[in-house]
Amino acid sequence: MKDNKLIAEFMDYPTCSDYWKKDEGFQGEDYKDYYYVHDQYDQCYDSSNFHVNDMKFDLSWDWIMPVIDKMESMGCFVKHHHGDCIVYKIDEKENYRCIIEMMGLNKLESTYKAVVEFIKNHETL
């Protein structure tokens, strides 16, 4: 899922290839689509390493909330209204400007869509 890869890169999660390169002799090209997601832990596999197709940004608040935290650290405010997700940019005078508004079947889906839209365009917003 390309949006999961986009989110992982936005969050600066290292690929397992990059993370393990420090181990002498590691041949990690097979792991370029696996990311070390340090704020998630898969108890089934006793690991924090996830393939992009196994990431749960679109399925779990536990996964998407660290992304929202990073967005808010960049001067944004995320709000939900009747299932929609609205992202505001806060300027130096503390004025709020709506930069993204997404609808979805539920809050999580609209939030995921808003996060992806923000990441794709945050440098121009």
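Trainee: Which residue in β5 stands opposite valine 87?

Mentor: Isoleucine 100 stands opposite valine 87. The model is a predicted one, in which local features need pLDDT of at least 70, side-chain atom pairs count only at pLDDT 80 or more, and totals for chains, interfaces and linings use all residues. Residues are numbered from 1 along each chain as its sequence is written, and side-chain values use heavy atoms, with hydrogens and water left out.

Trainee: What makes β4 and β5 a pair of strands?

Mentor: Strands are DSSP runs of E with at least two residues, helices are runs of H or I with at least four, and both are numbered from the N terminus. Two strands pair if DSSP finds at least two bridges between them. Six bridges join β4 to β5 (residues 96-102), and the two run antiparallel, so the definition of pairing is met. They form a hairpin with five residues between them, where glutamate 94 in the turn has a positive phi of about 60°.

Trainee: What makes β3 a partner of β4 as well?

Mentor: Strand β3 (residues 76-81) pairs with β4 over six bridges, in the antiparallel sense. One of the bridge partners is isoleucine 86 in β4, which is matched with lysine 79. Two residues lie between the strands of this hairpin, and histidine 82 takes a positive phi near 50° there.

Trainee: How do you know that β4 is mostly covered?

Mentor: A residue is buried under 20% relative accessible area, exposed over 50%, and partly exposed in between (1.4 Å probe, protein chains only). In β4, five of the seven residues are buried. For the chain of 125 residues, 39% count as buried.

Trainee: Why is aspartate 84 said to have no salt bridge?

Mentor: A salt bridge needs a side-chain nitrogen of Lys or Arg within 4 Å of a carboxyl oxygen of Asp or Glu. Lys and Arg count as positive and Asp and Glu as negative, while His and the chain ends are not counted. For aspartate 84, which is buried, the nearest side chain of opposite charge is lysine 113, 9.2 Å away, so the limit of 4 Å is not met. Aspartate 84 lies in strand β4 (residues 84-90). Contact means heavy atoms within 4.5 Å, and the residues that aspartate 84 touches include Lys79, Glu101 and Ser110, not counting residues up to four places away in sequence.

Trainee: How many salt bridges does a search of the whole structure find?

Mentor: The search finds one. Aspartate 12 forms a salt bridge with lysine 70, with the closest N and O atoms 3.3 Å apart. Aspartate 12 is in the loop between α1 and α2 (16-20) and lysine 70 is in helix α3, so the pair ties together parts that are 58 residues apart in sequence.

Trainee: Why is aspartate 12 called exposed, and why is lysine 70 called partly exposed?

Mentor: Aspartate 12 counts as exposed because its relative accessibility is 59%. Lysine 70 has a relative accessible area of 22%, and is therefore partly exposed.

Trainee: What makes a group of residues a nonpolar core?

Mentor: Such a core is a set of buried Ala, Val, Leu, Ile, Met, Phe, Trp, Tyr and Cys residues joined through side-chain atoms within 4.5 Å. The largest one here has 30 residues, and Val67, Val87 and Val115 are among those with the most contacts inside it. Its largest share, seven residues, comes from α4. Valine 67 touches residues including Ile7, Phe57 and Val115, not counting residues up to four places away in sequence.
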